[in-house]
Amino acid sequence: MERFLMHRREPFEITFLILMIISGSTQLVSRAVPGSLAALLPTWVQYLWGSLLVVGSGAALFGILWRDVVTGLFAENFGLSVATVALIIYGSAVAVASPVRGSIVVALCLACVISFYCRKKELRRVIRGLPRK
């Protein structure tokens, strides 16, 4: 567990979560630009996508930065789950809208989903090892 706690604040994960919060926030407060992927989606999907980005990334970032390790682990685990759903929605929308031109974006979404999944497995392993009260 000590080794894991030393690596909790990985710069890539924190930076990516901050960028997802910014992206989700702009999706929620701005209108879709004509010709963009967001313009092709129904309004409710745009709001769902933006909300999942903000809530998931915010919860994961909160968990990483929170001083109480146990609460932080649970918050990060929850946040990564929600953020993963947002990435799956986005990657799926890109794959449907532009399968060839969007292949790099889909590959990046898939890489992040795999990264978040591996992180969640590590978090679950640490959570299971915590002493029970």
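**An all-helix protein and how its helices pack**

Helices H2 and H6 lie oblique to each other. This description, like everything that follows, refers to a predicted model. The reasoning starts from the geometry of the pair: the axes of H2 (residues 11-29) and H6 (residues 103-128) cross at roughly 120 degrees and come within 13 Å. An angle counts as roughly perpendicular from 65 to 115 degrees and as roughly antiparallel over 145, so the crossing of H2 and H6 falls in the oblique class. The handedness of this crossing is left-handed. On the H2 side, Glu 13, Phe 16, Leu 17 and Met 20 take part in the meeting, while H6 brings Cys 112, Phe 116 and Arg 119. Sorted by class, the residues of this contact are 5 nonpolar and 2 charged, with no polar ones.

A second helix also packs with H6. The axes of H5 (residues 69-97) and H6 are 9 Å apart, and the angle between them is about 160 degrees. That value makes H5 roughly antiparallel to H6, because an angle over 145 degrees is placed in that class. The crossing of H5 and H6 is left-handed too. Counted by class, 18 nonpolar, 4 polar and 4 charged residues form the contact between these two helices.

What lies inside the protein? The largest nonpolar core is built from 29 residues, and those with the most contacts inside it are Leu 17, Met 20, Trp 49, Leu 73, Leu 80, Leu 87 and Phe 116. At least two core residues come from each of H2, H3 (37-40), H4 (43-65), H5 and H6. The greatest contribution is that of H5, which gives 8 residues. Leu 17 offers a helpful close-up. Setting aside neighbours within four places in sequence, Leu 17 touches Ser 57, Ala 60, Leu 61, Ile 64, Leu 80 and Phe 116. Phe 116 in H6 is thus one residue to follow, as it appears both in the meeting of H2 with H6 and among the core residues with the most contacts.

Stepping back to the whole chain, the protein has 6 helices and 0 strands, which gives the pattern α-α-α-α-α-α along the sequence. The C-alpha trace spans about 55 × 30 × 25 Å along its principal axes. Of the 133 residues, 38% are buried. Among contacts between residues at least 6 apart in sequence, 70% join residues at least 24 apart.

Definitions and conventions: Residues are numbered from 1 along each chain as its sequence is written. This is a predicted model: local features need pLDDT of at least 70, side-chain atom pairs count only at pLDDT 80 or more; totals for chains, interfaces and linings use all residues. Side-chain values use heavy atoms; hydrogens and water are left out. Axes are lines fitted to C-alpha atoms, for helices over the stretch in contact, and angles run from 0 to 180 degrees between N-to-C directions. Helices (H or I, at least four residues) and strands (E, at least two) are DSSP runs, numbered from the N terminus. Angles under 35 degrees count as roughly parallel, over 145 as roughly antiparallel, 65 to 115 as roughly perpendicular and the rest as oblique. A crossing is left-handed if the near helix is turned anticlockwise from the far one by less than a right angle, and right-handed if clockwise. Contact means heavy atoms within 4.5 Å. Ala, Val, Leu, Ile, Met, Phe, Trp, Tyr, Cys and Pro count as nonpolar, Asp, Glu, Lys and Arg as charged, and the others, Gly among them, as polar. A nonpolar core is a set of buried Ala, Val, Leu, Ile, Met, Phe, Trp, Tyr and Cys residues joined through side-chain atoms within 4.5 Å. Buried means under 20% relative accessible area, exposed over 50%, partly exposed in between (1.4 Å probe, protein chains only).
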